[in-house]
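Colleague: Could you take me through the nonpolar interior of this protein, slowly and with the cut-offs spelled out?

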Amino acid sequence: MNIYLSRYRYKNDTIDGVLKIDGVVVAHTAENSRHALKQGEYPITSTETFRRYALMGNGVYNLRRQSFIVGKYLIPGVVIKSALYYNRLYERVRKALRRKQKITLFIVDAK
C-alpha cells in the first residue's frame, strides 16, 4: 500500500496537504513548517512507526515533533474531525500490516 502526502500550501508556520492511498483522498493534513518531515519515502513497518508520523489533533502551532496531523481541512494549519479520520486511517494501516502488505509513506510537493 502506498500512502502519499502531497503538500500544496506553504505558510510561514504551517504546511497543508492531502493524504491519498492508492490515488484516493482519505484525509487532509497539517504540519508545523519548522518541524515538518523531509520529502521522501518512509517505510511503515509497524503501528508504532505509523504513530510516529501521523497524529490526531486540530492545530499544529504547538506541534514540536516531526509528524503531521490528519483530519478535514478548516483553515491553514488546522483540521477538524481528526479522531474520525485518524482512526479510519490507523485501522487501514493495521489491517494491511496484519496481511503482511508493504506500506510506504511518500511525502511529495504537489507543486
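Modeller: What follows is a close look at the nonpolar cores, with a short turn to one polar residue at the end. This is a predicted model, in which local features need pLDDT of at least 70 and side-chain atom pairs count only at pLDDT 80 or more, while totals for chains, interfaces and linings use all residues. Residues are numbered from 1 along each chain as its sequence is written, and side-chain values use heavy atoms, with hydrogens and water left out.

A nonpolar core here is a set of buried Ala, Val, Leu, Ile, Met, Phe, Trp, Tyr and Cys residues joined through side-chain atoms within 4.5 Å, where buried means under 20% relative accessible area (1.4 Å probe, protein chains only). The largest such core has 24 residues, and Leu19, Phe68, Val93 and Leu105 are the ones that touch the most other members. At least two residues of this core come from each of β1, β2, β4, α1, β6, α2 and β8, with α2 giving the most, seven residues; helices (H or I, at least four residues) and strands (E, at least two) are DSSP runs numbered from the N terminus. Leaving aside residues up to four places away in sequence, Phe68 touches, among others, Leu5, Leu19, Leu37, Tyr53 and Leu105, a contact being heavy atoms within 4.5 Å. Ala30, Val60, Ile69 and Val79 are included in a second, separate core of six residues.

Asn32, in strand β3, counts as buried because its relative accessibility is 2%. Val60 and Leu63 are among the residues that Asn32 touches, and the Asn32 side chain reaches the backbone oxygen of Leu63 at 3.1 Å.

How values were computed
Buried < 20%, exposed > 50% of the residue type's maximum accessible area, 1.4 Å probe, protein only. Polar contact = N/O pair within 3.5 Å; in protein donor to acceptor, adjacent residues only side chain to side chain.
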